[in-house]
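Subject: Structure for your review

Dear colleague,

Please find below the structure that I am passing on to you. I would be grateful if you could read my notes alongside it.

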Amino acid sequence: MNKLAPLITILFFVFYSTAITAQDWKYDLDEALALAKEKDQKIVLFFTGSDWCPPCIKLERNLLTSKEFAAFTHKKYVWLRADFPRRKKNRISKEQKNKNIELAKRYNKKKQFPAILILNKEGVVLGATGYRRDLDVQGYISLLTSFDSFDR
């Protein structure tokens with residue numbers, strides 16, 4: 001039994017750290033809104049071209065998956081992702097593609113990538129940003145927090 005204790009401890013920390021750093025993405029606006037209302041949280045809506053948009057890839061790699069950012073956002077936001085991949089191997093279902101198109105018609109008419117929008121639990125946009133080279137993780141945290149003041 002003593003030989004298993006270190007392994008169990010290591011596995012616990014691996015799963016715990018993965019749970020904190022991985023965003024729990026939602027892919028449906030209605031689901032995200034219902035969860036936001038239930039948890040009294042705001043929504044981060046992320047428009048990305050995950051396999052063709054270099055700023056999208058950098059934003060996700062350098063910000064969204066960082067431990068510091070995930071720890072801040074884990075309890076504050078519901079995560080909603082609208083991905084528009086182009087490569088055949090990353091193709092999304094027709095149903096998901098239609099949901100993403102509807103999200104873009106409503107929230108990203110200019111089709112800017114990447115786009116991060118903060119929505120309140122009713123789906124009203126409180127603020128928006130994109131890839132900002134001048135902001136580190138703390139800068140993004142401050143920016144997203146500043147949108148709280150626009151909530152009615």
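The notes that follow cover the overall fold, the nonpolar cores, the last helix and the disulfide.

Please bear in mind that this is a predicted model. The chain holds six helices and five strands, and their order along the sequence is α-β-α-β-α-α-β-α-β-β-α. Of its 152 residues, 41% are buried. Contacts between residues at least 6 apart in sequence are joined in 71% of cases by residues at least 24 apart. The exposed surface of the chain comes to about 9,600 Å², of which carbon and sulfur atoms supply 55%.

Turning to the interior, the largest nonpolar core has 18 residues, and the members that touch the most others are Leu63, Leu64, Phe69, Trp79, Ile118 and Leu144. At least two residues of this core come from each of strand E2 (42-48), helix H3 (54-64), strand E3 (77-83), strand E4 (115-119) and helix H6 (137-146). H6 gives the largest share, with five residues. A second core, separate from this one, comprises 17 residues, including Leu33, Val78, Leu80 and Ala104.

Trp79 may merit a look in the viewer. Setting aside neighbours within four places in sequence, Trp79 is in contact with Gln23, Asp24, Trp25, Lys26, Val44, Leu64, Phe69 and Thr73. Among these partners, Leu64 and Phe69 are also listed with Trp79 as core members that touch the most others.

Helix H6 can be described from both its buried side and its start. Val137, Gly139, Tyr140, Ile141, Leu143 and Leu144 are its buried residues. The buried residues of H6 pack against H3, helix H4 (67-73), E3, E4 and strand E5 (125-129). At the N-terminal end, H6 is capped by Asp136, which places a side-chain oxygen 3.3 Å from the backbone nitrogen of Gln138.

Finally, the disulfide count is one. Cys53 is joined to Cys56, with an S to S distance of 2.4 Å. The link of Cys53 and Cys56 is right-handed, with 75° about the S-S bond. Are these two cysteines, Cys53 and Cys56, buried or exposed? Cys53 has a relative accessible area of 4%, below the 20% cut-off, and therefore counts as buried. Cys56 is likewise buried, because its relative accessibility is 0%.

With kind regards

Note on methods. Residues numbered from 1 in each chain as written. Predicted model: local features only at pLDDT ≥ 70, side-chain atom pairs only at ≥ 80, totals over all residues. Heavy atoms only, no water. Core = buried A, V, L, I, M, F, W, Y, C linked by side-chain atoms within 4.5 Å. Buried < 20%, exposed > 50% of the residue type's maximum accessible area, 1.4 Å probe, protein only. Helix = DSSP H or I, 4+ residues; strand = E, 2+ residues; numbered from the N terminus. Contact = heavy atoms within 4.5 Å. Disulfide = S-S within 2.5 Å. Polar contact = N/O pair within 3.5 Å; in protein donor to acceptor, adjacent residues only side chain to side chain. Areas by Shrake-Rupley, 256 points an atom, 1.4 Å probe, with all protein chains shown as cover.
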